[in-house]
Amino acid sequence: MRKIKSFALIAMTSLAIMACSGKKEVEQSSVDELYAKGSSALQEGSYKESIRYLNATTERFPGSTYQEQAMLDLIYANYKAQDYTATLVTVDNYLHQFPQSPNRDYAVYMAGLTNLATADNMVQDFFGIDRATRETTSMKTAFSNFQSLVSAFPNSPYSQDAVARMAYIKDSLARHELEIAKFYAKRDAWVAVSNRVVGMLQQYPDAQATYEGLFLMKEAYDRMGLQQLADQTQKVIEANKDKKFTEIKKLDDSDLIQPIKK
């Protein structure tokens, strides 16, 4: 037991020495050294190490020639480290500091990815829970980010990916609305059911979930005795019965583009 305690003491002492050494290294390094180490760690996939040096680069030497690139790298590093709050804060700071930069499209793109990642919960992935049944604020914000990117930077290398992610988000939001309509139907809240599906028709007219919602809307009108509306809905169902819906899968970020080096 005494020997085990000794080993533990040695290990803790070593860690303390290493921590002090690392802190001293950051404090005494020049801006060139800090950025070089941060960039190197980023390329090696050591994101937390990279964040340490890049943060020191921007905080100790604000306004240096590395400031913009270090912030772009920090956006990427924080995202890969799954520190989504830090990612969004850095994006916001970057856009305020460099409002005319040609790299603004990258920052907006990463904001979209980060908000989408916030909406996607790892626990939900693990247990197979459908995200369409969960809260959608972050997902709607992500859609807004991607929409802004495509509108402001149509020729951006990130625009095509943004369009694909917008399609995924719209499909997810439509399924979310369908789940709510089903919830109301189980409780015989037929006015709420019809109103929900009408909203789906307005916002997501081409989604498969919206077509499925038409059956609920017809039932709602039947239950409320609104035969004319029920018949009209049936006609819409018949007119779209042979429509093919493209399967929309969630995109991963395995090929996520790192910030362009200036």
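Helix α4, which covers residues 67-80 of this predicted model, has 14 residues, and at 1.5 Å a residue these should span 20 Å; the C-alpha atoms at the two ends are 20 Å apart, which agrees with that expectation. Of the 14 residues of α4, 13 are buried, so the helix is largely enclosed by the rest of the structure.

What follows this enclosed helix is a residue with an unusual backbone angle to examine. Most residues other than glycine have a negative phi. Gln-82, however, which comes after α4, has a positive phi of about 65° although it is not a glycine. Gln-82 belongs to the loop that joins α4 to α5 (84-97), and with a relative accessible area of 47% it is partly exposed, since that value lies between the 20% under which a residue is buried and the 50% over which it is exposed. A second residue of this kind is Asp-188, which is not a glycine either and yet has a positive phi of about 55°; its place is in the loop between α9 and α10 (190-203).

On the other side of α4 in the sequence, the loop between α3 and α4 contains Thr-65, which is exposed because its relative accessible area is 75%. Although Thr-65 and Asp-32 are 33 residues apart along the chain, their C-alpha atoms are separated by 9.5 Å. Tyr-53, a residue of helix α3 (residues 47-60), offers a similar case of a pair separated in sequence: Glu-33 is 20 residues away along the chain, and the C-alpha atoms of the two are separated by 9.0 Å. Tyr-53 itself has a relative accessibility of 4% and therefore counts as buried.

Helix α2 comprises the 13 residues 31-43, for which a rise of 1.5 Å a residue leads to an expected span of 18 Å, and the distance of 18 Å between its end C-alpha atoms agrees with this. Which residues of α2 are buried? They are Val-31, Leu-34, Tyr-35, Gly-38, Ser-39, Ala-41 and Leu-42. When the helix is seen down its axis, these buried residues fall within an arc of 165°, so they line one face of α2. After α2 comes Gly-45, whose phi is positive, near 85°.

The relations between helices can be taken up next. Two packed helices are described by the angle between their axes and the distance between the axes. For helix α6 (residues 104-119) and helix α8 (residues 137-152), the packing angle is about 160° and the axes are 8 Å apart. That angle makes α6 roughly antiparallel to α8, because angles over 145 degrees count as such. The crossing in which α6 passes α8 is left-handed. On the side of α6, the residues that meet α8 include Asp-105, Val-108, Tyr-109, Ala-111, Gly-112 and Leu-113, while among the residues of α8 that meet α6 are Ser-138, Met-139, Thr-141, Ala-142 and Phe-146.

Phe-153, in the loop between α8 and α9, can be related to this pair of helices. It is buried, with a relative accessible area of 19%, a value to be read against the cut-off of under 20%. Apart from its neighbours within four places in sequence, Phe-153 is in contact with Arg-104, Asp-105, Ser-148 and Ser-159. From C-alpha to C-alpha, Phe-153 and Val-108 are 9.9 Å apart in space, with their positions 45 residues apart in sequence.

How are helix α9 (residues 159-186) and helix α11 (residues 208-223) arranged, and at roughly what angle do their axes cross? The two axes come within 9 Å and cross at roughly 15°, and α9 and α11 are therefore roughly parallel to each other. Their crossing is left-handed. In α9, the residues that take part are Ala-174, Arg-175, Leu-178, Ala-181, Lys-182 and Ala-185, and they meet Ala-209, Thr-210, Glu-212, Gly-213 and Leu-216 in α11.

These details belong to a chain whose secondary structure comes to 12 helices and 0 strands. Of its 262 residues, 40% are buried. Among the contacts between residues at least 6 apart in sequence, 61% join residues that are at least 24 apart.

Methods. Residues are numbered from 1 along each chain as its sequence is written. This is a predicted model: local features need pLDDT of at least 70, side-chain atom pairs count only at pLDDT 80 or more; totals for chains, interfaces and linings use all residues. Side-chain values use heavy atoms; hydrogens and water are left out. Helices (H or I, at least four residues) and strands (E, at least two) are DSSP runs, numbered from the N terminus. The expected span of a helix is 1.5 Å times one less than its number of residues. Buried means under 20% relative accessible area, exposed over 50%, partly exposed in between (1.4 Å probe, protein chains only). The arc is that of the directions from the helix axis to the C-beta atoms. Axes are lines fitted to C-alpha atoms, for helices over the stretch in contact, and angles run from 0 to 180 degrees between N-to-C directions. Angles under 35 degrees count as roughly parallel, over 145 as roughly antiparallel, 65 to 115 as roughly perpendicular and the rest as oblique. A crossing is left-handed if the near helix is turned anticlockwise from the far one by less than a right angle, and right-handed if clockwise. Contact means heavy atoms within 4.5 Å.
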